[in-house]
Amino acid sequence: MIDTHTHLYMTDSFPDGGISAVCRAVEAGVDTMVLPGVDIESVDPILRLHEATPGHTAVALGLHPTEVEADWRSELNEILNQGADVDLVAIGETGVDLHWDAGNLIHQMDAFGEQIQYALEHQLPVIVHSRDAVDQTVEIVSKFEALPPMVFHSFTSGLEDMRRLLEAAPDAFVGINGVVTFKNAAPLAEAVKELDMDKLVVETDAPFLAPVPHRGKTNESAYIPHIVAKIAELKGRTPEEIAAITTANALRLYPSLTKICKG
């Protein structure tokens with residue numbers, strides 16, 4: 001199995017930099033974990049964890065929308081410069097987030113568009129964060145005549161939002177995390193039931209949004225099997241089938257994983 005989005009490098013949640021969490025994930029059958037960046041401060045811990053676990057982790061770098069400020073361009077350039085010698089599997093995470101503060105919306109949208117353009121020029125996928133911002137995400141994505149491969153990560157909304165995002169980016173993937181296991185996630189469950197199997201990938205977004213039976217605790221990549229089991233229930237398939245399908249999809253989303261991750 002592949003965790004397509006996890007922040008195991010966050011030392012506030014993983015004091016050893018995520019090494020033991022990677023080991024627990026591998027023991028649970030999660031062979032590969034993609035580590036997305038959020039800002040310049042996240043670059044070093046991501047690279048340290050990847051250097052310690054090169055067969056099981058892969059690196060993505062980008063500027064998260066909640067970290068975008070007026071001087072976002074200089075920070076983004078520094079992030080990308082630090083990643084110049086790294087075998088990146090994607091750009092991100094990037095996107096738009098209106099959950100906390102809409103005051104920097106213009107900067108968020110500009111930074112999002114810039115990172116899509118960079119991904120196009122460097123033939124990399126994009127990890128898209130779109131919390132409470134489907135309208136704005138669709139607006140930016142729709143401006144491009146061609147799009148890089150992308151994933152709408154941590155999708156926790158309903159059927160209509162999913163349809164709108166996939167209409168704007170028909171070839172995109174949708175990342176489903178532990179929220180799908182929550183009792184109050186009926187709209188998400190409905191969306192997952194309709195989602196084409198070839199667009200489905202799984203993620204934890206650790207250390208956030210731990211699935212049942214670990215809800216409320218620190219999330220980690222070892223919990224991917226709980227997410228897979230719930231999706232299997234919703235899809236009327238076996239967990240083994242969902243694991244195989246989502247792994248194959250993750251390798252299509254991140255084709256360079258086949259070169260980087262050999263575990």
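Let me start with one residue pair in this predicted model: Asp97 has Arg131, in strand β5, as its bridge partner. That pair belongs to a wider connection, since strand β4, which covers residues 88-97, and strand β5, which covers residues 126-131, run parallel and are joined by five bridges.

On either side of that connection, helices come into the picture. Helix α5, residues 134-141, packs on the sheet and touches β4, β5 and β6, the last of these being residues 150-152, and the direction of α5 makes about 145° with that of β5. Helix α2, residues 43-52, also packs on the sheet, where it touches β2 (32-36) and β3 (57-61), and its direction makes about 160° with that of β3.

Now to the sheet as a whole, which is open and has eight strands in the order β1-β2-β3-β4-β5-β6-β7-β8, with parallel pairing. At its edges stand β1 (2-3) and β8 (200-202), and because each of them has a single partner strand, one side of each is left without a neighbour in the sheet. As a general reminder, strands of a sheet pair through backbone hydrogen bonds, and they do so either in parallel or antiparallel fashion.

Let me turn to the largest pocket, whose volume is about 820 Å³. Which residues lie nearest its centre? They are His64, Glu93, His129, Asp205 and Phe208, out of a lining of 35 residues. In terms of elements, β4, β5 and α6 (159-168) each supply at least two residues of that lining, and the largest share, three residues, comes from β5.

One of those central residues, Glu93, deserves a second look, for it is placed in strand β4 and is joined to Gly92 by a cis peptide bond with an omega of about 20°. A cis peptide bond also joins Ala206 and Pro207, where omega is about 10°, and Pro207 is found in the loop between β8 and α8 (224-235). While we are on the backbone, please find Asp132, in the loop between β5 and α5, which has a positive phi of about 55° although it is not a glycine.

Next, the aromatic side chains. How many aromatic pairs are there? The count comes to zero. There is, however, a charge to point out over a ring, for Arg215 lies over the face of Phe182, at 3.7 Å from the ring centre.

Finally, I would like to take you to helix α9, residues 239-253, where Ile245 lies. If we leave aside the neighbours within four places in sequence, Ile245 is in contact with Met197 and Arg237. As for its position relative to Ser130, the two residues are 115 residues apart along the chain, and their C-alpha atoms are separated by 24 Å.

To return to where I began, Asp97 and its bridge partner Arg131 are a good place to start when you trace the parallel strands β4 and β5 for yourselves.

Technical notes:
Residues are numbered from 1 along each chain as its sequence is written. This is a predicted model: local features need pLDDT of at least 70, side-chain atom pairs count only at pLDDT 80 or more; totals for chains, interfaces and linings use all residues. Side-chain values use heavy atoms; hydrogens and water are left out. Rings of Phe, Tyr and Trp (its six-membered ring) pair if their centres lie within 6.5 Å; planes under 30 degrees apart count as stacked, over 60 as edge-to-face and the rest as tilted. A charge sits over a ring if NZ of Lys or CZ of Arg is within 6 Å of the ring centre and within 35 degrees of the ring normal. Two strands pair if DSSP finds at least two bridges between them. Helices (H or I, at least four residues) and strands (E, at least two) are DSSP runs, numbered from the N terminus. Contact means heavy atoms within 4.5 Å. Axes are lines fitted to C-alpha atoms, for helices over the stretch in contact, and angles run from 0 to 180 degrees between N-to-C directions. On a 1 Å grid over the protein atoms alone, a cavity is a set of points where a 1.4 Å probe fits but cannot get out, and a pocket is an open set with protein on both sides within 12 Å along at least five of seven lines; lining residues have an atom within 4 Å of a point. Grid points are joined across faces, edges and corners, and a volume is the space filled by probe spheres set on the points.
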